[in-house]
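This report goes through selected features of one structure, beginning with its cysteines and moving on to a sheet and a helix. The structure is shown first.

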Amino acid sequence: METHLFLAFFCAWICLSVPMELCIAADSIRMDRSISDGEVLVSSGQSFELGFFSPGTGSSKNRYLGIWYKNTPQTVVWVANRNIPITDSYGVLTIINNGGLVLLNQRRSAIWSSELPWVPENPIAQLLDTGNLVLWDNSSGISKSYIWQSFDHPSDTMLPGMKVGWNLKTGLQRNLTSWRSDDDPSPGDFSYRIDISILPYIVLGAGSSIKIRSGPWNGHEFNGVHVLNNSVYCLIFVANKDEAYVLYETTSNEVITRGTLNHLGSAQLLVLNQGSSEWDVLYSSPHDVCENYGHCGANGICRIGKAQICECMTGFTPKSQEEWDTFNTSGGCIRRTPLDCQEDGFVKVTGVKLPHLIYVHVYMAVSPRECEALCSNNCSCTAYAYTNINGSSGCLMWSGDLIDIRELTSETGEDIYIRSNNPELESNTPKKKKKLVIIIVISTFSGILALGLAVWFISQKKRIMATDQESKEENIELPLFDMATIATATDNFSNTNRIGGGGFGSVYKGRLSAGLEVAVKRLSKNSAQGVQEFKNEVDLIAKLQHKNLVRLLGCGVQGEERILLYEYMPNKSLDYFIFEFGYMSPEYVIDGHYSVKSDVFSFGVLLLETVSGKKNRGFSHPDHHHNLLGHAWLLWNQNKALELLDACLDDSCVTLQVLRCIQVGLLCVQSLSAERPAMSSVILCWVMRE
């Protein structure tokens, strides 16, 4: 009995002899307690501490609120007030009346706070043994879900279980951002993030440019990411309608791991063995020069095992041989001979990281043969790949230059088929074999072929007559031009008069007999646009006649020919500021598909051009190869959208209105038409007030 009384007296004496706050649970605080400089919270498993620290080796006197490993206090994993340090030792972390965490300085001014979606009745801030600082409501009847957590606002460190990526329901983006230097935790130049503009891929950014990028997620891994076979960690990627994020989990209890993005731009995975105080580097990126974005320039391939690391793809040659001779390969490669779109074949390149997803179109639920046909029938398609897209087979089609290709192994790389017109390529052998089979069939069954041709001519004549009749019944309320007049105006569709083209066909400059200059759009016979689509386009454009729009003057319909005649806009006129092709949606340029969502895309381009004061067509940037739309996406993903604003508008704009314009513009120019909003929704976003 005396022993029990002694223990009770001893415990009471301890609590009365030390500050009251030290008798409260050491891993959490409530509204009646605060943390001052010199005090710490300790997670229940003694893994992490939260408190105030000065970074570096003592050279900095600034104080920051942070989280670090208890056994290695110099290893800070999270910082609250990165941008605003405390210059003395009077900082206080507390919970205020609205339930949020607030960091106060000596003057009791708030220099950092947590933003809450709602006000909790009984808030508790707790440091978990995962290194996550969480805020939750301890009121009865409320489930223990986190109102706020530090894992949603990372610094430069990724801990096991921490998500890097997007909450698509709330718009929250979780990125790693490097420190400015060893003794300055303010946000530096480098970021680690997930880009979801087309297909998900990992980006290590340097300012507004890309330092390293992965290929797209193929259902098992990020194409091109060097992942070690190990028993220490596993990489997990999740993509659904609510979230798109990457995380890693530790698979061994014998070690402690952390991912970090240092101020030099290196992403590392570090490991700490039991009983050790030194962190070992398990993985570091970039681990070779081929990881550097676009190291070999456009249409080049980086092969780390070769004496000459950079090579031009088959059918290409260095843009500047002099620069390549001095190992400056950033200028990339150009085609030896232009494509002719008729006899082109495809060169298979195996085991590579796929090119950057610039000007890429995605087709789902198609076969490999259909994927090849889609690219072959589209003159603007420069390469295609048949791959796994988020767990389903799909087709990727590129147009324009191919950037950031590197050789991998056949197990981790993807196959890509690059368009080429070199007749002596061994890779074109299947096509040659096909021609040989055709010759044999023709010579063997010439009689059958002759009979088939006769039948075909008869049926073709009937079909053309039927098509002409159908054309007459289309009731297009525009002037009709006969083919002879159009052919004369364009010098029989001479290539010298050709001023543009795409998946829909070609556009020629022409002059009518009265001297009127016109732009003649000739629908390709290989285009997916048929009679009804042609009629829809004529109807839509005819209804959109306006003094500031290119006028539709008439059309021509004869047999399989579908032709539109627009007024021609010479240089220094309206097209000096707005060029028609810079506003065309991807599905129209590539496939000839025209819809109301095509107009939404055009509106988005116009909106971004108005904000930036720059044209989409012809836009260039010294740090990357994107057009204006891609540049806008980069700035938006890096939370630097205001850098897009034309400097002449700096003093006359409202920041929130500018951001709304940019956001609406980006929503309108998404690659997939189904993801663009309807114009009614655009108008709603436009007039919406904060």
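## The link of Cys 312 and Cys 333

The torsion about the S-S bond of Cys 312 and Cys 333 is about -85°, so this disulfide is left-handed. The two ends sit in separate strands: Cys 312 belongs to strand E26 (residues 310-312), while Cys 333 belongs to strand E28 (residues 333-335). The disulfide therefore ties together parts of the chain that are 21 residues apart in sequence. The model is a predicted one, and in it the S to S distance of this pair is 2.1 Å. Both Cys 312 and Cys 333 are buried.

## Disulfides in the whole structure

How many disulfides does a search of the whole structure find? The search finds six. When the bonded cysteines of the chain are numbered in sequence order, they pair as 1-3, 2-4, 5-6, 7-10, 8-12 and 9-11.

One of the six disulfides joins Cys 290 to Cys 302, with an S to S distance of 2.0 Å. Its torsion about the S-S bond is -80°, and the link is left-handed. Cys 290 lies in the loop between strand E24 (280-285) and strand E25 (300-302), and Cys 302 lies in strand E25 itself. The pair is twelve residues apart and links distant parts of the chain. Cys 290 has a relative accessible area of 1%, so it is buried. Cys 302 also counts as buried, at 2% relative accessibility.

Another disulfide connects Cys 371 and Cys 395, again with a stated S to S distance, here 2.0 Å. With 70° about the S-S bond, the link of Cys 371 and Cys 395 is right-handed. This pair links a helix to a strand: Cys 371 is in helix H3 (residues 368-376) and Cys 395 is in strand E32 (residues 392-399), 24 residues apart. Cys 371 and Cys 395 are both buried.

## Cysteines without a bond

Why is the sulfur of Cys 648 not bonded to that of Cys 653? Cys 653 holds the closest cysteine sulfur, but the distance is 9.9 Å, which is too far for a bond; a disulfide needs the two sulfur atoms within 2.5 Å. Cys 648 is exposed, with a relative accessible area of 59%.

Cys 661 is in no disulfide either. The nearest cysteine sulfur to that of Cys 661 is in Cys 653, 9.9 Å away. Is Cys 661 buried or exposed? Its relative accessible area is 17%, and buried means under 20%, so Cys 661 is buried.

## Helix H12

Cys 661 is one of the buried residues of helix H12. The others listed are Val 658, Arg 660, Ile 662, Val 664, Gly 665, Leu 666 and Cys 668.

Helix H12 (residues 655-668) has 14 residues, and at 1.5 Å a residue it should span 20 Å. The C-alpha atoms at its ends are 20 Å apart, which agrees with that expected span.

## A sheet of four strands

An open sheet has four strands in the order E2-E7-E8-E9, and their pairing is antiparallel. Strand E2 (35-36) and strand E9 (110-113) stand at the edges. Each of these edge strands has a single partner strand, so one of its sides is left without a neighbour in the sheet.

Within the sheet, strand E7 (residues 92-95) and strand E8 (residues 101-104) run antiparallel and are joined by four bridges. Across this pairing, Ile 95 stands opposite Leu 101 in E8.

Terms used: Residues numbered from 1 in each chain as written. Predicted model: local features only at pLDDT ≥ 70, side-chain atom pairs only at ≥ 80, totals over all residues. Heavy atoms only, no water. Buried < 20%, exposed > 50% of the residue type's maximum accessible area, 1.4 Å probe, protein only. Pairing = 2+ DSSP bridges. Expected span 1.5 Å × (residues − 1).
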